[in-house]
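Q: Could you take a close look at the salt bridges in this model and walk me through how the paired side chains sit relative to the surface?

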Amino acid sequence: MNTAAPTLPSPSAGANAGVPLVELRLPIQGMTCASCVRRVEKRLNAVPGVAAAEVNLATEQATVRAEAALPVQALREAVQAAGFQVPEQSTQLVITGMTCASCVGRVERALRKVPGVQQADVNLATETAHVSTLGGVSPDALIAAVTQAGYAAREAGGETTGEAAAPARPPWSHTGGPVLVAALLSAPLVLPMLGMLVGQHWMLSGGWQWLLATPVQFWLGARFYRAGWAALKDRSGNMDLLVALGTSAAYGLSVYNLLTASPHAGHDGAPLPLYFESSAVVITLVLLGKWLEARAKRQTLGALAALKALRPETARVRRNGQDLDLPMAQLQQGDLLVVRPGERMPADGRITEGQSLVDESMITGESMPQSRGPGDRVVGGSVNGEGLLLVTVTALGAESTLSRIVRMVENAQAGKAPIQRMVDQVSAVFVPVVIALALLTAAAWGLLAGDGSQAVIHAVAVLVIACPCALGLATPAAIMVGTGVAARHGLLIKDAQALEQARSVTTVVFDKTGTLTEGRPQLEALRPLNGLTEADALSLAASLQQGSEHPLGRAVREAAAERGLQGAPATDVRAVAGRGIEGLVQGRRLILGSRQWLVSLGTPAATLDDAAASAHAQGMTVSWLAEHPGDSAPLPLALLAFGDRLKPEAAAAVRQLREMGLRTVMLTGDNRAAAQTVADTLGLDEVHAELLPEDKARHVAQLRSAGAQVAMVGDGINDAPALAAADVGMAMGGGTDVAMETAGITLMRGDPRLVAQAIGISRATVRKIRQNLFWAFVYNLLGIPLAALGLLSPVIAGAAMALSSVSVLGNALLLKRWKGDAR
């Protein structure tokens, strides 16, 4: 999906400073190796207005950050100039609410402003819009644009058409058909070689060999000529150029020898020096490798496809007492959904009636169904178990949990890991160096051996065995599988950098409330002061906390509700990060917050400490209700003591991390006694209490400056600065949106054991990346010299090249076996 981004710093020399940027994803057809990636990136980054462009070979997508005013056509032309194509996608929308030609113009303008839209044509008579986009633009984004323009829209039939919309029916050239035809034509050229091993002479005449090899070379192998020519025009090289040059040399030498041979050549038992089988078989093997590679790529996208498949096509909606089956595009926020046993939740919502067990395993990774009842939130895509549920829709389309998960996985798979930068630098010079080595090989063999035919064949072997494909796929293939597997285990990885950095973590820093504890504290004690009654104190505290989502705020409201107390409306309410909350209740300026806040406003510390000593000794969290007239120190009105249970998994989570050799630290805004109690119970290495959000970020920075690689785990707004300051931020999925946006990794369940799993999948993925890069480099470092020395025939070289990229993808796919171990 194309998402508008805030103003971003440009990696280019200040050209885009202060200019709002948008992020575009363009599908690119025709790339085969790392050299192709380099060419496309070079062209896109050269377009005026582009801040950064990254191309991923495995996903065949370009992610471009550019000025909002930049025409998408300029990006398409840049890709085409590099010799590749950007497929178009066509979406049909049904528009309602238009009344005149002015409405048509307004809708068209709104649609054309969506990044990625090439053309939008609206028909007033049919009330439809035909939108042409350069892939990656979701119907949700188009519908949202129309809605913002003041009209209603839905997808016509819920279908999209065009090149990008029908991946299930690829063109014949991308199926196994060309491989089969090439194999059938090449077999008669190879069989005589096998016959010679058993003393049989099955060799075809030169004319027949030429007839069989020519369609393989120029029909089935045309893709290599087209892509190679495009690379030459762009003054660069790629794998296709190497294959085209190598096979053309073998084919051309064979034709030359056939045409210049004497009429009696070959009749005396000595075969003609023809190499048609080399050119034909090399092309066949490369086609086979590319076909196998495409199949493997589709498997690497399996996790993402499985997530997208969770979206139901229709929803049962209760309107005006009737149950209607409606397409998802017609759902509206606030609709009442009827979800029967065994059905998927069509959208995010809150249960208004019914009780059931809900299977959320595909979204959170939690294998056990969860009990859900009235007031509980449910996630679109989860499966209702045994009871009929009525659910009120709270989020649709791009804002739904499932869409956000898919978007995060797509972002991670589209990005580049830092280690890929080194590979890109090698790829930039790989093809020119290989061509130079092939020319040197031909010259050396020609001068030293005096055999021009052998010189050409050895040079062909050098060209054919060199494989930039394996280099280009080594990193993105592992990242795609790793992020997909992580998503199935309830780990959402925002980008490739977070995935790579998590493996190096040496210190894990935890927030306390909601991370190591349940995050649902209960009001255990309330002590009124200065003449206030307990009921009045609780009522005033509940008034301040009416709209708060803070766990302590919920505990206050629940305690008031249990006692039948209803607070008066509060006005001018303001949350003070890390301190508490303040507001006006019945004309009185009240604050409810921490000891540090009251002391900073002038309340004597001794007064507070004496009153709270007993609660602190029991490890409770203490808040103070006070009246603050403004011209004097706050007057304490009540002490509120809260208790919060540790999560059952917290001890195991800390133990796992220590077994991995990691140091564990807790940073909390809570009082020292409560924090130390938790630290002693769990066996944490270090604890710091009574911290503000900026203090947490400072402690994280200090750990990093001391040489530690820090992962910060938190769930609230007050954790956001520390999450951003850490090498890797991990947010609990049940926490705030701010924390999840700041973090590089989101733990979809509130289970702290997922921290060890996140580090484990990072280590496993980076191991695969290093294995892939090792074999890709070693393969080329060994294969090219062997071919230059004449120890490999072009046929063997072609087979090795075809298998190299397939083996890299196969090794990456082994990550699917990862079972969540934290090694």
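A: Happily! Let's start with E582 and R574, whose side chains meet in a salt bridge at 2.3 Å, N to O. Please keep in mind that this is a predicted model. The two partners differ in exposure: E582 is buried, with a relative accessible area of 11%, whereas R574 is partly exposed at 47%. E582 counts as buried because its value falls under the 20% cut-off.

A second pair to look at is R753 and D751, joined by a salt bridge of 2.9 Å, N to O. Here D751 is the buried partner, at 5% relative accessibility, while R753 is partly exposed, with a relative accessible area of 33%.

Next, turn to helix α3, which spans residues 101-112 and holds both R112 and E108. Their side chains form a salt bridge of 3.8 Å, N to O. The two residues lie four apart in the helix, so about one helical turn separates them. As for the surface, R112 is partly exposed at 40% relative accessibility, and E108 is buried at 14%.

What do these pairings rest on in general? Side chains of opposite charge can pair when their charged atoms come close.

Salt bridges can also be found here beyond simple pairs: R316, D325 and E343 are linked in a network of them. To put these examples in context, a search of the whole structure finds 18 salt bridges, among them the E582 and R574 contact where we began.

Definitions and conventions: Residues numbered from 1 in each chain as written. Predicted model: local features only at pLDDT ≥ 70, side-chain atom pairs only at ≥ 80, totals over all residues. Heavy atoms only, no water. Salt bridge = Lys/Arg side-chain N within 4 Å of Asp/Glu carboxyl O. Buried < 20%, exposed > 50% of the residue type's maximum accessible area, 1.4 Å probe, protein only.
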